[in-house]
Amino acid sequence: MINLYSDTQTRPTDAMRSAMASAEVGDEQRRADPTVEKLNARVAELLGKEHALFLPSGVMCNAIALKAHTTPGDAVICEQECHLVRAEAGGIGLMAGLQVEPLPTKHGRFTADEVRKRKARLLDGVYSPPVTLLCVEQTHNFAGGTVWPVEQLNDVTATAHELGMATHMDGARLLNAVVASGQSAAEHAAGFDSVWIDFSKGLGAPIGGVLAGSHDWIENKARRYKHMFGGAMRQAGILAAAALHALDHHVERLADDHANAKLLAAHIADIDGLELAHGEPQTNIVFFRTTRGTAEDFAAKCKQRGLDLSTLYGDLRAVTHLDVSRDDCERAGTIMAEVMRGLPADV
Ligand SMILES: *Cc1c(COP(=O)(O)O)cnc(C)c1O
């Protein structure tokens with residue numbers, strides 16, 4: 001099976017498994033796991049923040065950040081299709097008690113002016129909730145792995161701060177943006193009070209995200225919610241070792257995933273009956289659609305021939321990652337062309 005379903009499908013490599021097997025461990029909850037402490041320090045430095053916190057998942061990184069930056073009843077401005085609104089089971093409402101002020105966009109990116117306008121639309125005084133947080137997703141998953149330019153990030157975060165909001169980056173795939181843009185993770189994260197990266201996506205680790213911010217915010221706010229939400233662990237160094245291995249070996253190679261996504265997109269653009277939904281991919285995510293039949297039917301037929309794709313909002317999504325080679329992407333193109341030829345013509 002060629003697995004383009006998601007970059008969450010990566011399995012730990014043999015080298016990663018041996019790094020995990022030989023990891024030094026301790027009680028993470030008591031800050032006595034040396035491998036977790038090492039990972040936290042390494043990610044804090046990478047992201048240009050004072051401190052960082054290892055967590056079991058990206059969803060928990062977002063949940064803790066939302067909770068730690070706001071008071072229930074506040075409002076948050078974010079993009080309308082962002083992961084924390086669309087794919088986190090309503091935790092934003094249950095755990096943080098926030099009203100969402102969603103901004104519709106074309107490519108997952110909004111402007112400082114749109115932030116200003118949205119804030120201005122809220123009435124004065126007792127009528128509106130305080131808008132205390134701005135969230136940004138880099139890269140934007142459901143907009144097709146699109147990259148925010150650093151300048152635009154700086155613009156929206158400066159405006160948010162001026163308007164009294166804290167700023168949070170969902171950087172699940174920030175390192176894809178770093179590789180695509182050639183600008184460092186710290187440059188991308190500079191305007192954000194908090195930022196996290198995911199290790200279980202294209203970086204190829206089995207589990208984990210690391211949330212970074214100021215020393216005070218991490219130790220006195222985020223760590224409390226980590227414990228409350230059940231994210232405090234014990235001998236978690238075995239997992240942190242996989243993340244450290246990924247930082248050493250799986251970052252630069254993200255460029256291969258981006259090249260493979262472009263190759264796949266070129267095949268898709270050439271197939272009669274398929275079209276790219278967001279143009280040429282900037283990173284490792286390709287959204288496309290079929291102009292004949294349904295996405296679900298097309299995906300089911302591809303699966304019968306050994307190609308796994310996902311469907312979302314009536315579109316198809318292919319995501320490249322370290323378990324998918326250039327040859328696999330060539331073969332995926334062939335499979336999609338074969339399936340499309342076998343479908344009934346447009347009526
Ligand atoms: C996958 C993802 C998450 C959630 O991360 P998990 O590690 O799966 O919990 C959050 N935001 C974005 C943009 C994602 O792609």
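By class, the shell around the ligand holds 3 nonpolar, 6 polar and 6 charged residues, where Ala, Val, Leu, Ile, Met, Phe, Trp, Tyr, Cys and Pro count as nonpolar, Asp, Glu, Lys and Arg as charged, and the others, Gly among them, as polar. I should say early that this is a predicted model, in which local features need pLDDT of at least 70, side-chain atom pairs count only at pLDDT 80 or more, and totals for chains, interfaces and linings use all residues. Residues are numbered from 1 along each chain as its sequence is written, and side-chain values use heavy atoms, with hydrogens and water left out.

Of the 15 residues around the ligand, those that come nearest are Val59, Asp170, Arg173, Asp198 and Lys201, and a residue is near if one of its heavy atoms lies within 4 Å. A nitrogen atom of the ligand is 2.6 Å from an N or O atom in the Asp170 side chain, while an oxygen atom of the ligand lies 2.7 Å from an N or O atom in the side chain of Asp198. For the side chain of Lys201, an N or O atom is 2.9 Å from an oxygen atom of the ligand. Two elements, helix H3 (58-69) and strand E7 (194-198), give two or more residues to this shell, and H3 gives the most, with 3 residues; helices here are DSSP runs (H or I) of at least four residues and strands (E) of at least two, numbered from the N terminus.

Turning to the largest cavity, its lining includes Arg173, Asp198 and Lys201, and H8 supplies the largest share of that lining, 3 residues. A cavity is a set of points, on a 1 Å grid over the protein atoms alone, where a 1.4 Å probe fits but cannot get out, and lining residues have an atom within 4 Å of a point.

Definitions and conventions. A polar contact is a pair of N or O atoms within 3.5 Å; within protein, one must be able to donate a hydrogen and the other to accept it, and residues adjacent in sequence count only if both atoms are side-chain atoms. On a 1 Å grid over the protein atoms alone, a cavity is a set of points where a 1.4 Å probe fits but cannot get out, and a pocket is an open set with protein on both sides within 12 Å along at least five of seven lines; lining residues have an atom within 4 Å of a point.
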